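Please open the structure in a viewer and keep the selection tool at hand. The tour below proceeds by selections, each followed by a description of what is found there.

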Amino acid sequence: MSRYDRAITVFSPDGHLFQVEYAMEAVRKGTTAVGVKGKDIIVLGVEKKSTAKLQDSRTVRKIHQLDDHVCLAFAGLTADARVLVNKARIECQSHRLTVEDPVSVEYITKYIAGVQQKYTQSGGVRPFGISTLIVGFDPDGTARLYQTDPSGTFSAWKANATGRNAKTVLEFLEKHYKDDISSQDCLKLALKALMEVVESKSKTIEVAVVERGRGLRILSDDEVDALLAQIEAERAEETPAPRE
């Protein structure tokens with residue numbers, strides 16, 4: 001095996017590209033990111049790493065805006081994400097200048113996946129160690145949620161998770177997601193899914209919403225704490241009181 005994991009362009013005899021698989025392992029070690037799509041709203045939730053006491057927490061972001069109507073959350077290597085986000089932002093602006101229309105969410109997803117795939121097929125480079133959740137509204141008002149991974153594969157979802165413990169979060173989403181979900185329930189579902197694997201407080205959870213016609217809005221710590229308290233209260237009501 002050691003002969004085949006040194007060069008990215010060499011397949012192993014059983015058909016594996018080990019460097020791509022190692023990049024996917026870097027994603028699995030990254031902080032959790034969740035995306036849930038409603039009719040008029042899309043919610044992104046990410047696990048926040050604790051910052052040093054003297055560090056400005058605003059400089060450590062896992063959710064990035066690509067254009068007025070498109071944003072991205074990621075799991076994996078932050079430095080790799082910064083490079084990919086900058087490439088995507090330039091492509092969004094280039095598309096506006098050339099076509100005089102904003103990009104569709106599928107277009108920018110294909111572009112990002114194409115960049116990721118190119119870095120699995122060229123010598124002297126390594127794959128991007130990130131998986132992305134790309135969300136937004138198309139010009140016709142349709143909500144979109146896509147995922148890309150280090151191999152360059154992309155797919156559309158109603159709700160999805162990536163990063164550490166993504167399997168647990170995805171199982172929770174599969175169990176509780178409904179097609180006719182309301183905006184408030186969509187927000188709560190994303191938080192509840194994150195609470196399955198993350199401590200429930202605003203210091204460890206960052207939430208952003210993309211609403212039709214309004215663009216990206218990142219919720220303040222107070223808003224997140226209020227929602228978490230509401231969810232905890234609902235859970236307490238649902239739990240039957242112990243018999244004496």
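The tour visits several salt bridges and then a helix.

The model shown is predicted. A search of the whole structure finds 14 salt bridges, and a few of them serve as the stops of this tour.

**First stop: lysine 48 and aspartate 221.** Select these two residues and display their side chains, which meet in a salt bridge with an N to O distance of 3.7 Å. Lysine 48 belongs to the loop between strand 2 (41–47) and strand 3 (63–67), whereas aspartate 221 belongs to helix 6 (residues 221–238), so the pair ties together parts that are 173 residues apart in sequence. Turning to the surface, lysine 48 is partly exposed, at a relative accessible area of 23%. Aspartate 221 is also partly exposed, at 41% relative accessibility.

**Second stop: arginine 61 and glutamate 206.** Select this pair next; the two side chains form a salt bridge at 2.6 Å, N to O. Which parts of the chain does this pair tie together? Arginine 61 lies in the loop between strand 2 and strand 3, and glutamate 206 in strand 9 (residues 205–211), so the bridge joins parts that are 145 residues apart in sequence. Is glutamate 206 buried or exposed? Glutamate 206 is buried, because its relative accessible area is 4% and the cut-off for a buried residue is under 20%. Arginine 61, at 30% relative accessibility, counts as partly exposed.

**Third stop: lysine 188 and glutamate 234.** Return to helix 6 and select glutamate 234 together with lysine 188 of helix 5 (residues 183–195). Their side chains meet in a salt bridge of 2.6 Å, N to O. The pair links distant parts of the chain, 46 residues apart. Lysine 188 is buried, with a relative accessible area of 9%, while glutamate 234 is partly exposed, with a relative accessible area of 24%.

**Fourth stop: a network.** Select Asp67, Asp68 and Arg96 together; these residues are linked in a network of salt bridges.

**Last stop: helix 1.** Select residues 18–28, which make up helix 1. Which residues of helix 1 are buried? They are Phe18, Val20, Ala23 and Val27. As general background, an α-helix has 3.6 residues a turn, so residues three or four places apart point the same way. To see what covers the buried residues of helix 1, add strand 4 (70–76), strand 5 (130–137) and strand 8 (159–162) to the selection; the cover includes these strands.

Notes: Residues are numbered from 1 along each chain as its sequence is written. This is a predicted model: local features need pLDDT of at least 70, side-chain atom pairs count only at pLDDT 80 or more; totals for chains, interfaces and linings use all residues. Side-chain values use heavy atoms; hydrogens and water are left out. A salt bridge is a side-chain nitrogen of Lys or Arg within 4 Å of a carboxyl oxygen of Asp or Glu. Helices (H or I, at least four residues) and strands (E, at least two) are DSSP runs, numbered from the N terminus. Buried means under 20% relative accessible area, exposed over 50%, partly exposed in between (1.4 Å probe, protein chains only). Contact means heavy atoms within 4.5 Å.
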